[in-house]
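Colleague: I am new to this structure. Could we go through it in questions and answers?

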Amino acid sequence: MLETSPPDIFDCQACGACCAYSADWPRFSLETDEEIAAIPEAMIAKDESGMKFEGGRCAALTGEVGKHVGCAVYLVRPHVCRTCMPGDEECKIARAEFGFSLEGLPEPEVYEA
């Protein structure tokens, strides 16, 4: 499975809803202590359960949701961020929360190798 969506399939950087729709997401789940230590402490929630959520978005999210976004910790982002793909259930929930269209999203199977 791919770890990101190629822009020719769907440009995640034109959305960012998955990084800004819930203070309960993303949560750490499969990360090792070493992986968590690679994320700047200022971007981790005080209870160390996941990424810090402030101002209605993940602390690592840069840019404007729905326009152009990026991730300040992309290379060391949590596993849940690596597995969320355009068109999957998490993507659809987040986009719906922002009122973004679900049309044109790829089917999740497109990412399976």
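Modeller: One term is needed beforehand: a polar contact is a pair of N or O atoms within 3.5 Å, and within protein one must be able to donate a hydrogen and the other to accept it. The model is a predicted one.

Colleague: Which backbone oxygen does the side chain of Arg82 reach?

Modeller: Arg82 lies in helix α2, which covers residues 79-83. Its side chain comes to 2.9 Å from a backbone oxygen, and the cut-off for a polar contact is 3.5 Å. The residue that carries this oxygen is Leu75.

Colleague: Does Arg82 count as buried or exposed?

Modeller: Buried means under 20% relative accessible area. The relative accessibility of Arg82 is 18%, so Arg82 counts as buried.

Colleague: What pattern does the chain follow along the sequence?

Modeller: The chain holds three helices and four strands. Read along the sequence, they give α-β-β-β-β-α-α.

Colleague: Which residues make up the largest nonpolar core?

Modeller: Phe28 is one of its eight residues. Leaving aside neighbours within four places in sequence, Phe28 is in contact with residues including Ile39, Ile44 and Met51. The full set is Phe28, Ile39, Met43, Ile44, Met51, Cys58, Ala60 and Val73.

Colleague: How many residues are in the second, separate core?

Modeller: Among its members are Ala17, Cys91, Ala94 and Leu105. The number of residues in this second core is six.

Colleague: What share of the exposed area do carbon and sulfur atoms supply?

Modeller: Of the 113 residues of the chain, 35% count as buried. The chain exposes about 6700 Å². Of that area, carbon and sulfur atoms supply 53%.

Key:
Residues are numbered from 1 along each chain as its sequence is written. This is a predicted model: local features need pLDDT of at least 70, side-chain atom pairs count only at pLDDT 80 or more; totals for chains, interfaces and linings use all residues. Side-chain values use heavy atoms; hydrogens and water are left out. A nonpolar core is a set of buried Ala, Val, Leu, Ile, Met, Phe, Trp, Tyr and Cys residues joined through side-chain atoms within 4.5 Å. Buried means under 20% relative accessible area, exposed over 50%, partly exposed in between (1.4 Å probe, protein chains only). Contact means heavy atoms within 4.5 Å. Helices (H or I, at least four residues) and strands (E, at least two) are DSSP runs, numbered from the N terminus. Accessible areas come from the Shrake-Rupley method with a 1.4 Å probe; for residues, only the protein chains shown count as cover.
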